[in-house]
Amino acid sequence: MTAETTSNQNQHTVGAAGSPAWYTSEQILDAVSVDRARKLLESTLASGFRPQDDPARSNIPAGTGHLLLMPSVLGDWAGIKVASVSPKNPEQGLPRIQATYVLMDSATLTVQALMEGNVLTTLRTPAISAVAADYLATPDASKLVVFGTGPQALSHIEAFSKIRSFTDVVVCGRTPEKVDAAVEHARSLGLAARSGDATEVRDADVVVCTTSAAEPLFDGALVPDTACVVAMGSHEPEFRELDSTLMGRAQVVVEDRATAMREAGDVIQAVKDGSLAEDTLVDLVDIVTGATKPDLERPRVFKCVGMSWQDLAVAIGVVEPE
C-alpha cells in the first residue's frame, strides 16, 4: 500500500507531493480504539512473533534530558519511535515527554507515515495490560482496584471494561480531586465506581497499578490467591509498585524476560533479594499461545515496561483499517 493510497482511505494530513502522511493524535484515536489495540497486540503474539527478537530501546543523553529510540520490524512493516524526555520542559509550559513515530515498509525502508507518538503509548500500554489480564484474570472477575489517577489509569479502566464485567471499580490515589475525576470517568463508561484505599486489594479480583511510585503501593500479603495484578507504572530498576512478598507468591508474567531484568524494578529487586527466581519468569507470548498455563492456585502478576513492537503493531493498525 502506498502513502497516497493510505491517504485516500484514511483522509489523513499529507505534506508535499510524495512526502509521508502525518497522522495527528485525533486521527490515530479515530482509527484505533483501546480495544482494537488490544486485539492487534494479541494477534501479533498469537502469530508466532516473539518479543525477545525486538531490539532493546536505546537511551541517549541529549541536552537537558535524553532521547529514547525504539525500533521494531513486524512482517511488511518497520518503524521507530523517537521520544525526547526533558524534565525541565514543564517549567516552560512544554510536555516532559514528546514523541514521533516513523513508519516504513520493510521491503524498501521507505517512510510511509509519520505519527504523533505519545498517543501510541497511551494506546498500547493499556492494550498490552488488557491482553495479559484477559488470560490471567478469572472469567468471573467483578472487582477492579486501580492505583493512580492519570491518563494511564483512565485508559486502563476503559481497556479492562472491555474484557470483564466489573461491578465494583475502586480508584486509589493521593489527590481527592483527581480520584473523584477518575471515579466520574469510570461512571461515564457505565461502571459502578468509588474511591478507596490500599486495603481494597484484600478482596480484589484484578488490581492495576499505574503510578510513578518508587515504593510498593500495598501489602502483597493481602492479595488473594485468585487475583490478577498488573503493574505498568515503573520502568526503572530502582522503582517498584509491587513488594517482594507478592512477587514471591505469584506466577510472574513479563513481556520479555531479558527486558524485565533490564528495566522492571518490581522484578529486578525481587530477584535480587531472593524472593523471586529469574528462571521462573513467564513470557506473555507463552501464555497467549498456550505453551504455559496460568497458575490459578496463586496470584498472577503481569509486569510490563513497554516494548517497541507494541508501538509498531498499533501504528500498522492506523494505516491498515479493519
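Which residues line the largest cavity? Select D54, P55, A56, R57, T259, R262, E263, G306, M307 and S308, and the lining is on screen. Keep in mind throughout the tour that this is a predicted model.

**Stop 1: the cavity**

With those residues shown, the enclosed space has a volume of about 60 Å³. The structure holds one cavity of 30 Å³ or more. Colour helix 8 next: with three residues, helix 8 gives the most to the lining of this cavity. Colouring by class splits the lining into three nonpolar, three polar and four charged residues.

**Stop 2: the largest pocket**

Now go to the largest pocket, with a volume of about 1700 Å³. To find the centre, select R96, I97, S212, G233 and H235, which are the closest to it among the 47 lining residues. Then show the elements that give two or more residues to the lining: strand 4 (65–74), strand 5 (77–85), strand 6 (97–105), helix 4, helix 5 (151–161) and helix 8 (257–263). Helix 4 has the largest share, with six residues. By class, the lining has 18 nonpolar, 20 polar and nine charged residues.

**Stop 3: the largest nonpolar core**

Keep helix 4 selected. Helix 4 covers residues 118–136 and gives 10 residues to the largest nonpolar core, the most of any element. That core has 66 residues. Select L103, M115, I128, F160, L284 and F302, the members that touch the most other members.

Centre the view on F160 and ask what surrounds it: which residues is F160 in contact with, leaving aside its neighbours within four places in sequence? They are P126, S129, A130, A133, L144, F166, V206, V208 and V230.

A second core, separate from this one, has 27 residues. Selecting A204, A231, A250 and A264 picks out some of its members.

**Stop 4: Q310**

Move to helix 11, which runs over residues 308–319 and contains Q310. Is Q310 buried or exposed? Its relative accessibility is 0%, so Q310 counts as buried. Show what Q310 touches: L41, R124, I128 and E255, with residues up to four places away in sequence not counted. I128 is also one of the core residues selected at the previous stop.

**Stop 5: the second largest pocket**

Stay with helix 11 and add helix 3 (34–46), as each supplies at least two residues to the lining of the second largest pocket. About 160 Å³ of space lies in this pocket. For the full lining, select L40, S43, T44, S47, F49, L74, G75, D76, W77, A313, I316 and E320. Helix 3 gives the most, with three residues. The lining divides into six nonpolar, four polar and two charged residues.

**Stop 6: salt bridges**

The count of salt bridges in the model comes to 18. Begin with D168 and R194, whose side chains meet at 3.0 Å, N to O. D168 lies in strand 9 (residues 168–172) and R194 in strand 10 (residues 193–195), so this salt bridge ties together parts that are 26 residues apart in sequence.

How is each partner placed with respect to the surface? D168 has a relative accessible area of 19% and is buried, since buried means under 20%. R194 is partly exposed, at 31% relative accessibility.

Keep R194 on screen and add E200. The side chains of R194 and E200 also meet in a salt bridge, at 2.9 Å, N to O. E200 counts as buried, with 15% relative accessibility.

Next select D266 and K303, where the salt bridge is 3.1 Å, N to O. Here D266 belongs to helix 9 (residues 265–272) and K303 to strand 15 (residues 300–303), so the pair ties together parts that are 37 residues apart in sequence. Both D266 and K303 are buried.

**Last stop: a network**

Finish by selecting D35, R38, K39, E42, D134 and R164 together. These residues are linked in a network of salt bridges.

Terms used: Residues are numbered from 1 along each chain as its sequence is written. This is a predicted model: local features need pLDDT of at least 70, side-chain atom pairs count only at pLDDT 80 or more; totals for chains, interfaces and linings use all residues. Side-chain values use heavy atoms; hydrogens and water are left out. A nonpolar core is a set of buried Ala, Val, Leu, Ile, Met, Phe, Trp, Tyr and Cys residues joined through side-chain atoms within 4.5 Å. Buried means under 20% relative accessible area, exposed over 50%, partly exposed in between (1.4 Å probe, protein chains only). Helices (H or I, at least four residues) and strands (E, at least two) are DSSP runs, numbered from the N terminus. Contact means heavy atoms within 4.5 Å. A salt bridge is a side-chain nitrogen of Lys or Arg within 4 Å of a carboxyl oxygen of Asp or Glu. On a 1 Å grid over the protein atoms alone, a cavity is a set of points where a 1.4 Å probe fits but cannot get out, and a pocket is an open set with protein on both sides within 12 Å along at least five of seven lines; lining residues have an atom within 4 Å of a point. Grid points are joined across faces, edges and corners, and a volume is the space filled by probe spheres set on the points. Ala, Val, Leu, Ile, Met, Phe, Trp, Tyr, Cys and Pro count as nonpolar, Asp, Glu, Lys and Arg as charged, and the others, Gly among them, as polar.
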